[in-house]
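Subject: Structure for you to look at

Hello,

Here is the structure I said I would pass on. Please open it first and then read the notes underneath.

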Amino acid sequence: MNCIVVDDDETFRAIFEQLVDNNPSVKIQGSFSSAIEAIKYLNFNEVDLIFLDIHMPDFDGFDFIRTIKNPPNIILTTADKNFALEAFEYECIIDYFVKPVTQERFDKGIVKAVSLFKESAVTYKNPVPDESVNDLYINIDRRLIKIDIPTISIIEARGDYIYLKTDTKNYTVHSTLKKIVDKLPKEIFLKAHRSFVINTKKIIDIQDNSVLIGKDVIPVSRSNRSELMRRLNLL
């Protein structure tokens, strides 16, 4: 696991770096003397674990946790035992080290951190299916109409509007092609031409620089043809 240390005490940061070096399960990515410095780092980098001091000037450990989005697992470090109850109100806090920290206590906390990290990795690889990802809502005459995404076959740009063709009905929506493409699964839909997005699962025939979807012949630009061919299950 990758980790960072956030503590305003230079001596403790050095001690903690040594504790990390002595444990093969964790690798230090950075050491910061203030929460602000750590936040700047996390804006551009991901870590699996943070060792975080509670008492820091201006911006304490709890301020830090409330500031960052989707915090990783955090082990708090402090010389004060009185913050233990408050600490565990935060779901991301998995342990609480009271200074000074021995190698034995450190290693025990890392065993727990590694276990939780592996559990989260399994959950990420096998997420619970979310049926809502197949739904798209479009605004027609101040009504929100639910569209089943897999039923969409063709989307065509027509000025300030898009023409959306499904298996059962067609719609004209005030939107841009880019806006709707951003909401569609990229593994199914392909921008075939500057004015057309197609559902590759609906293709019946391909000839030269066009595809047949239902009864519609849709042009495919030269720049997008190679991507189309890459996606097809060719014999």
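Strand S1, residues 2-6, is a good place to begin: four of its five residues are buried, so the strand is mostly covered. Please keep in mind throughout that this is a predicted model.

**The parallel sheet**

S1 has strand S2 (residues 27-32) as a parallel partner, with five bridges between them. One bridge to look up joins cysteine 3 to isoleucine 28 in S2. Helix H1 (residues 10-21) belongs here too, since S1, H1 and S2 together make a right-handed β-α-β unit.

S1 also pairs with strand S3 (residues 49-53), again in the parallel sense, over four bridges. Here valine 6 stands opposite leucine 52 in S3.

These strands are part of an open sheet of five, in the order S2-S1-S3-S4-S5, with parallel pairing. S2 and S5 are its edge strands, and each pairs on one side only. From one strand to the next, the twist averages 20°.

At the S5 end, strand S4 (residues 73-78) and S5 are parallel partners joined by five bridges. Threonine 78 has valine 98 in S5 as its bridge partner.

After S5 comes a detail of the backbone. Which kind of peptide bond joins lysine 99 and proline 100? The bond is cis, with omega at about -5°. In general, most peptide bonds are trans. Proline 100 sits in the loop that runs between strand S5 (93-98) and helix H5 (103-125).

**The antiparallel sheet**

There is another open sheet of five strands, with the order S10-S9-S8-S12-S11 and antiparallel pairing. Why does one side of S10 and of strand S11 (189-193) have no neighbour in the sheet? Both stand at the edges with a single partner strand each, so one side of each is left free of a neighbour. Ignoring direction, neighbouring strands of this sheet are turned by 20° against each other on average.

Within the sheet, strand S8 (residues 152-158) and strand S12 (residues 196-199) pair antiparallel over three bridges. Isoleucine 155 has valine 197 in S12 as its bridge partner.

**Two hairpins**

Strand S13 (residues 203-207) pairs with S14 in the antiparallel sense, over four bridges. One of the bridge pairs is glutamine 207 with serine 210 in S14. The two strands form a hairpin with two residues between them, and in the turn aspartate 208 has a positive phi of about 50°. In general, most residues other than glycine have a negative phi.

S14 then runs antiparallel to strand S15 (residues 216-219), and four bridges join them. Isoleucine 213 is paired with aspartate 216 in S15. S14 and S15 also form a hairpin with two residues between them, and this time the turn residue with a positive phi, about 65°, is glycine 214.

Which residues of strand S14 (residues 210-213) are on its covered face, and which on its uncovered face? Val211 and Ile213 make up the covered face, while Ser210 and Leu212 make up the uncovered one.

**Glutamate 227**

Glutamate 227 is in helix H7 (residues 222-231). Its relative accessibility is 24%, so glutamate 227 counts as partly exposed; the cut-off for buried is under 20% and for exposed over 50%. Glutamate 227 and lysine 191 are 36 residues apart along the chain, and their C-alpha atoms are separated by 9.5 Å.

**Pockets**

The largest pocket has a volume of about 340 Å³. It is lined by 14 residues, and the closest to its centre are Asn45, Glu46, Val47, Asn70 and Pro72. The lining of the largest pocket consists of six nonpolar, five polar and three charged residues.

The second largest pocket has a volume of about 250 Å³. Of its 14 lining residues, Ile138, Asn139, Val173, His174 and Ser175 are the closest to the centre. Four elements give two or more residues each to this lining: strand S6 (135-140), strand S9 (161-166), strand S10 (170-174) and helix H6 (177-181). Which of them gives the most to the lining of the second largest pocket? S6 does, with five residues. By class, the lining of the second largest pocket has eight nonpolar, four polar and two charged residues.

Regards

How values were computed
Residues numbered from 1 in each chain as written. Predicted model: local features only at pLDDT ≥ 70, side-chain atom pairs only at ≥ 80, totals over all residues. Heavy atoms only, no water. 1 Å grid on protein atoms, 1.4 Å probe; cavity = no way out; pocket = protein on both sides within 12 Å on 5 of 7 lines; lining within 4 Å. Points joined across faces, edges and corners; volume = space filled by probe spheres on them. Nonpolar A, V, L, I, M, F, W, Y, C, P; charged D, E, K, R; others polar. Pairing = 2+ DSSP bridges. Axes fitted to C-alpha atoms, helices over the stretch in contact; angles between N-to-C directions. Buried < 20%, exposed > 50% of the residue type's maximum accessible area, 1.4 Å probe, protein only. Right-handed = clockwise from strand over helix to strand, strands pointing away.
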